[in-house]
Amino acid sequence: IYDFYRHLLKWGVSNEKARNYINMFDPKQTGFVKREDVCNALNCYPNEPEYLKDIEVLSNDMSQHKRESVIKIVLEAFSSKRVKKKDKMHMIKQKLDKLYGKGWNVYMAEGRYWAVCSHKPGSNLTFVFRGAVYGVFQTPSES
(Lines give C-alpha, C1' and ligand atoms only; values in the text may rest on other atoms or scores of the structure.)
Protein backbone atom coordinates (compact mmCIF):
# COMPACT_ATOMS: atom_id res chain seq x y z
CA ILE A 1 0.00 0.00 0.00
CA TYR A 2 2.95 2.30 0.69
CA ASP A 3 4.10 1.92 -2.93
CA PHE A 4 0.63 2.92 -4.12
CA TYR A 5 0.69 5.94 -1.78
CA ARG A 6 4.11 7.01 -3.14
CA HIS A 7 2.84 6.52 -6.69
CA LEU A 8 -0.11 8.86 -6.00
CA LEU A 9 2.24 11.49 -4.59
CA LYS A 10 4.54 11.14 -7.61
CA TRP A 11 1.59 11.91 -9.90
CA GLY A 12 0.86 15.12 -8.01
CA VAL A 13 -1.89 13.98 -5.66
CA SER A 14 -1.75 15.87 -2.34
CA ASN A 15 -0.82 14.04 0.88
CA GLU A 16 -4.34 14.42 2.26
CA LYS A 17 -6.05 13.25 -0.91
CA ALA A 18 -3.65 10.29 -1.23
CA ARG A 19 -4.47 9.24 2.36
CA ASN A 20 -8.19 9.59 1.59
CA TYR A 21 -7.78 7.36 -1.48
CA ILE A 22 -5.91 4.75 0.55
CA ASN A 23 -8.68 4.76 3.19
CA MET A 24 -11.35 4.52 0.50
CA PHE A 25 -9.62 1.72 -1.47
CA ASP A 26 -8.52 -0.25 1.62
CA PRO A 27 -11.17 0.48 4.29
CA LYS A 28 -10.34 -2.71 6.23
CA GLN A 29 -6.67 -1.68 6.32
CA THR A 30 -5.42 -4.98 4.88
CA GLY A 31 -2.35 -3.31 3.41
CA PHE A 32 -3.30 -4.38 -0.11
CA VAL A 33 -5.33 -2.69 -2.84
CA LYS A 34 -6.75 -4.74 -5.70
CA ARG A 35 -8.22 -3.38 -8.92
CA GLU A 36 -11.65 -4.55 -7.75
CA ASP A 37 -11.27 -2.46 -4.56
CA VAL A 38 -10.57 0.67 -6.61
CA CYS A 39 -13.46 -0.05 -9.01
CA ASN A 40 -15.89 -0.66 -6.11
CA ALA A 41 -14.81 2.49 -4.24
CA LEU A 42 -15.16 4.67 -7.36
CA ASN A 43 -18.23 2.81 -8.70
CA CYS A 44 -16.37 2.61 -12.02
CA TYR A 45 -16.09 -0.65 -13.94
CA PRO A 46 -14.22 -0.14 -17.24
CA ASN A 47 -14.65 -3.73 -18.47
CA GLU A 48 -18.35 -4.05 -17.75
CA PRO A 49 -20.65 -5.66 -20.32
CA GLU A 50 -22.71 -3.41 -22.58
CA TYR A 51 -26.02 -4.27 -20.86
CA LEU A 52 -24.73 -2.60 -17.69
CA LYS A 53 -24.22 0.84 -19.29
CA ASP A 54 -27.76 1.98 -18.39
CA ILE A 55 -27.58 0.72 -14.79
CA GLU A 56 -27.06 3.00 -11.80
CA VAL A 57 -25.99 1.00 -8.76
CA LEU A 58 -27.38 2.57 -5.57
CA SER A 59 -25.98 0.15 -3.00
CA ASN A 60 -23.90 -2.95 -3.31
CA ASP A 61 -21.56 -5.23 -1.42
CA MET A 62 -21.22 -7.98 -4.04
CA SER A 63 -18.16 -8.90 -6.03
CA GLN A 64 -18.16 -7.49 -9.55
CA HIS A 65 -18.80 -10.89 -11.14
CA LYS A 66 -21.73 -11.71 -8.83
CA ARG A 67 -23.22 -8.22 -9.26
CA GLU A 68 -23.09 -8.47 -13.06
CA SER A 69 -24.62 -11.96 -12.93
CA VAL A 70 -27.49 -10.84 -10.67
CA ILE A 71 -28.23 -7.76 -12.78
CA LYS A 72 -28.34 -9.93 -15.90
CA ILE A 73 -30.77 -12.34 -14.21
CA VAL A 74 -33.06 -9.45 -13.21
CA LEU A 75 -32.95 -7.76 -16.62
CA GLU A 76 -33.60 -11.04 -18.46
CA ALA A 77 -36.64 -11.74 -16.27
CA PHE A 78 -38.05 -8.27 -16.84
CA SER A 79 -37.46 -8.37 -20.60
CA SER A 80 -40.46 -10.67 -21.05
CA LYS A 81 -43.64 -8.68 -21.70
CA ARG A 82 -46.07 -11.62 -21.28
CA VAL A 83 -45.17 -12.56 -17.70
CA LYS A 84 -46.71 -10.68 -14.76
CA LYS A 85 -44.31 -8.70 -12.54
CA LYS A 86 -45.17 -10.86 -9.54
CA ASP A 87 -44.21 -13.99 -11.49
CA LYS A 88 -41.00 -12.34 -12.71
CA MET A 89 -40.02 -11.68 -9.09
CA HIS A 90 -40.60 -15.35 -8.23
CA MET A 91 -38.50 -16.42 -11.23
CA ILE A 92 -35.61 -14.20 -10.10
CA LYS A 93 -35.83 -15.49 -6.52
CA GLN A 94 -35.85 -19.13 -7.67
CA LYS A 95 -32.82 -18.58 -9.91
CA LEU A 96 -30.87 -16.79 -7.16
CA ASP A 97 -31.80 -19.49 -4.62
CA LYS A 98 -30.54 -22.14 -7.04
CA LEU A 99 -27.30 -20.32 -7.93
CA TYR A 100 -26.31 -18.76 -4.59
CA GLY A 101 -28.23 -20.65 -1.91
CA LYS A 102 -31.61 -20.19 -0.21
CA GLY A 103 -33.02 -17.07 1.40
CA TRP A 104 -33.08 -14.50 -1.43
CA ASN A 105 -35.48 -11.56 -1.39
CA VAL A 106 -36.33 -9.56 -4.50
CA TYR A 107 -38.10 -6.22 -4.74
CA MET A 108 -38.94 -3.60 -7.33
CA ALA A 109 -40.24 -0.05 -6.92
CA GLU A 110 -41.51 2.34 -9.55
CA GLY A 111 -41.03 5.65 -7.80
CA ARG A 112 -39.67 6.55 -4.37
CA TYR A 113 -38.60 3.81 -2.03
CA TRP A 114 -36.96 3.35 1.35
CA ALA A 115 -35.65 0.08 2.68
CA VAL A 116 -33.81 -1.24 5.68
CA CYS A 117 -32.84 -4.88 5.81
CA SER A 118 -30.47 -7.35 7.38
CA HIS A 119 -28.58 -9.29 4.76
CA LYS A 120 -25.86 -11.86 4.45
CA PRO A 121 -22.54 -10.14 3.63
CA GLY A 122 -21.88 -10.07 -0.12
CA SER A 123 -25.55 -10.39 -1.07
CA ASN A 124 -26.97 -6.86 -1.18
CA LEU A 125 -27.62 -5.05 -4.47
CA THR A 126 -29.95 -2.16 -5.32
CA PHE A 127 -29.92 -0.56 -8.76
CA VAL A 128 -31.95 1.68 -11.07
CA PHE A 129 -32.79 0.70 -14.64
CA ARG A 130 -35.11 2.81 -16.83
CA GLY A 131 -36.68 4.59 -13.87
CA ALA A 132 -37.43 1.50 -11.77
CA VAL A 133 -35.52 0.47 -8.66
CA TYR A 134 -34.59 -3.21 -8.34
CA GLY A 135 -33.12 -4.85 -5.30
CA VAL A 136 -32.02 -8.24 -4.03
CA PHE A 137 -30.55 -9.45 -0.77
CA GLN A 138 -30.06 -12.77 0.95
CA THR A 139 -31.45 -13.16 4.46
CA PRO A 140 -28.79 -14.18 6.96
CA SER A 141 -29.20 -17.67 8.39
CA GLU A 142 -30.28 -18.00 12.00
CA SER A 143 -27.32 -19.24 14.02
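This is a short chat about the fold, core, loops and pockets of one predicted protein model.

Reader: Before we start, what kind of model is this, and which residues count for local features?
Author: The model is predicted: local features need pLDDT of at least 70, side-chain atom pairs count only at pLDDT 80 or more, and totals for chains, interfaces and linings use all residues. Residues are numbered from 1 along each chain as its sequence is written, and side-chain values use heavy atoms, with hydrogens and water left out.

Reader: OK. How many helices and strands are in the protein?
Author: Five helices and four strands. Both are DSSP runs, numbered from the N terminus: helices are H or I with at least four residues, strands are E with at least two.

Reader: What pattern do they follow along the sequence?
Author: α-α-α-β-α-α-β-β-β.

Reader: And what does the C-alpha trace span?
Author: About 55 × 40 × 25 Å along the principal axes.

Reader: How much of the protein is buried?
Author: Of the 143 residues, 31% are buried. Buried means under 20% relative accessible area, exposed means over 50%, and partly exposed is in between (1.4 Å probe, protein chains only).

Reader: Which residues have the most contacts inside the largest nonpolar core?
Author: I55, V74, L125, F127 and V136, in a core of 21 residues. Such a core is a set of buried Ala, Val, Leu, Ile, Met, Phe, Trp, Tyr and Cys residues joined through side-chain atoms within 4.5 Å.

Reader: Which elements supply it?
Author: β1 (55–60), α4, α5, β3 (125–129) and β4 each supply at least two residues of this core. α4 gives the most, with seven residues.

Reader: Why would nonpolar side chains be buried together?
Author: It is a general tendency in soluble globular proteins.

Reader: Back to I55. What does I55 touch?
Author: I71, L75, F127, V128 and F129, leaving out residues up to four places away in sequence. A contact means heavy atoms within 4.5 Å.

Reader: New topic, loops. Where is Q29 found?
Author: In the loop between α2 and α3. Phi of Q29 is near 55 degrees, a positive value in a residue other than glycine.

Reader: Is Q29 buried or exposed?
Author: Q29 counts as exposed, because its relative accessibility is 64%.

Reader: And where is R130 found?
Author: In the loop between β3 and β4. R130 is not a glycine either, yet has a positive phi of about 50 degrees. R130 counts as exposed, because its relative accessibility is 72%.

Reader: Pockets next. What volume does the largest pocket have?
Author: About 400 Å³. Of its 17 lining residues, F25, P27, K28, D37 and N40 are the closest to the centre.

Reader: What is a pocket here, exactly?
Author: On a 1 Å grid over the protein atoms alone, a pocket is an open set of points where a 1.4 Å probe fits, with protein on both sides within 12 Å along at least five of seven lines. Lining residues have an atom within 4 Å of a point. The volume is the space filled by probe spheres set on the points.

Reader: Which element gives the most to that lining?
Author: α3 does, with four residues. α2 (15–25) and α3 (35–42) each supply at least two.

Reader: And how much space lies in the second largest pocket?
Author: About 240 Å³. Two or more lining residues come from each of α4 (64–78), α5 (85–100) and β4 (132–138). R130 is one of the residues lining this pocket, and F129 is another.
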